[in-house]
Amino acid sequence: MNERLWNILVDSFPKLLSYGIRVTVPLTILSFSLALVVSLLVALIQYGQVKGLRQVCRFYIWVVRGTPLLVQLYLVFYGLPSVGIVMDAFPAAVVVLGFNEGAYMAETIRGALESVSRGQLEAGYCVGLTFPKIMWHVVLPQAFRTAFPAMSNSMISMLKETSMAATITVMEMFRQAQVINGRVYESLGLYGEVALIYLAFCTFLTWLQHRGEKRLSTYGGNRT
Amino acid sequence: MMLEIENVKKKFGDLTVLNGISLNVEKGDVVAILGPSGSGKTTFLRCLNFLERADAGRMVFEGEPYDLHTATKADIARLRKKTAFVFQNYNLFLNKTALKNVTLGLTAGAGMKKAEAEEIAKAALDKVGMGDRLDSYPSMLSGGQQQRVAIARALASSPEIIYFDEPTSALDPELIGEVLTVMRKLAEEGMTMLVVTHEMEFARNVSNKVLFMEGGDIVESGPSRAFFEHPEQERTREFLRTVLMRQQGETEP
């Protein structure tokens, strides 16, 4: 490796890492939190068969899963201002990423809820619990265990998808790599470097997932 | 009369499952509900605790009337405070220990303090012989042990009546005895019980009343002794011949 490239990589690394930690990570955490709230609500509405709202949820999932993330980002950031809805780039990215992943995770959670035996619900009713209490104490904890691997997947996808926010001017890690590259023209080196940082972040998340799965397996393996 | 059940009807689509079932239960009665598979006995029991919604039927429970078709959520909640249900496949909360399975209804349901609930739960688990497995999760217990924990869970709320839906049908033969022993003990202590079962020994020796159903109708009902010794209906005699012969066959080498 020539010395110029080496120096570029060494100089850019702390910058990229700093944007990763200051922008990419918070963007992931905020978007994932929004996705978690949205998906939980949507899944519970469908599981509890709440009249009226159920169709709204199916519609939401249909639209979001049926359109590309990139198009959604453009629609919200560049499209909505013409009807008076103006958002800064960062919050717009949080909203789009959150509602996008929320639709996928809603299906994950709904599937996990439905995999919990109906008998758990009946037993809850028979010992005098209300529907929300049964959900909280019995069904959700069991569903969470089932959904956890798929939800970890969602989080890992989301971390990588934050790079799309670069297209709506969010100055996050990938956009920073583009900016530096615009000055020095070392695409292979810089994009390779940024790829490695994403890989490191995702490796950390994978490690968290394994730890989480171990903790969740405390109540035995057999399920009937 | 503690419980009067009148004219319970239920259809699943075109299929009539319950064709007007009535039953009177006195305090301390142990009623065995017998019948071949598909006779509607489980559905009948589930309707009484609103796990199924009957198409029609009335019930007077300790003087309080309930309409089995139109009862409101509040009615159902009030009724369930006085009843308990034991399921064929136990339905223990899989994410809770034996102890928590028993306390959950008391704390989160009835709003009892944790310490008090645990005291009651431990006593109930002791009674069914599970006092040494408080911290075991259901997956670590045998079927018979799980069913005993389920019975402890039923007992903990001090119900007026316990409904048992084929409590031993999912068990390996060698585990049936431990559950029946617990149920016999409860019966001797005067617990009112409605038991859907295939265990003829239990029906004959522990229950004092029998309700024999087939095809959604009552074929014969009355005191157990009379039912087994002088059945009135030809269908009853035929049923008893078949099941008793089969159970004898099972005990012979």
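Two residues are in contact when their C-beta atoms, placed from the backbone, lie within 7 Å. Keep that in mind while you explore this model, which is predicted.

Begin by selecting the whole of chain B, where, among contacts with a separation of 6 or more, 62% join residues that are 24 or more positions apart. Nine helices and ten strands make up the secondary structure of chain B. The radius of gyration of chain B is 18 Å, close to the 18 Å that the globule rule gives for 253 residues, so chain B is as compact as a globular protein of that length. If you turn chain B about, its C-alpha trace spans about 55 × 50 × 35 Å along the principal axes, and 48% of its 253 residues are buried.

Next, stay in chain B and select the strands β2, β1, β4 and β5, which form an open sheet in that order with antiparallel pairing. The edges of this sheet are β2 (15–25) and β5 (64–67) of chain B, each of which pairs on one side only. From one strand to the next, the twist averages 15°. Now narrow the selection to β1 (residues 3–12) and β4 (residues 56–61) of chain B, which pair in the antiparallel sense over five bridges; in one of them, E4(B) has V60(B) of β4(B) as its partner. Then add helix α1 (residues 41–48) of chain B, which packs on the sheet and touches β1, β2 and β4 of chain B, while its direction makes about 120° with that of β1(B).

Move now to chain A and select helix α5 (residues 118–126), in which A123(A), G124(A) and C126(A) are buried. Why do these residues lie on the same side of α5(A)? They do so because they cover an arc of only 165° around the axis. To find their partners, show α6 (131–161) of chain A together with α2 (73–80) and β6 (83–86) of chain B, against which the buried residues of α5(A) pack. After α5(A) comes G128(A), whose phi is positive, near 90°.

Finally, select α6(A) and helix α8 (residues 187–216) of chain A, which pack at an angle of about 170° with their axes 10 Å apart. Angles over 145 degrees count as roughly antiparallel, and α6(A) and α8(A) are therefore roughly antiparallel to each other. To see where these helices meet, display the residues that make the contact, including R145(A), F148(A) and L159(A) of α6(A) and Y198(A), F201(A) and L216(A) of α8(A).

Terms used:
Residues are numbered from 1 along each chain as its sequence is written. Chains are lettered from A and ligands numbered from 1 in the order in which they are written. This is a predicted model: local features need pLDDT of at least 70, side-chain atom pairs count only at pLDDT 80 or more; totals for chains, interfaces and linings use all residues. A residue is buried if 20 or more other C-beta atoms lie within 10 Å of its own, exposed if 12 or fewer, and partly exposed in between; C-beta atoms are placed from the backbone. Helices (H or I, at least four residues) and strands (E, at least two) are DSSP runs, numbered from the N terminus. The arc is that of the directions from the helix axis to the C-beta atoms. Two strands pair if DSSP finds at least two bridges between them. Axes are lines fitted to C-alpha atoms, for helices over the stretch in contact, and angles run from 0 to 180 degrees between N-to-C directions. The radius of gyration is taken over C-alpha atoms; the globule rule is 2.2 Å times the number of residues to the power 0.38. Angles under 35 degrees count as roughly parallel, over 145 as roughly antiparallel, 65 to 115 as roughly perpendicular and the rest as oblique.
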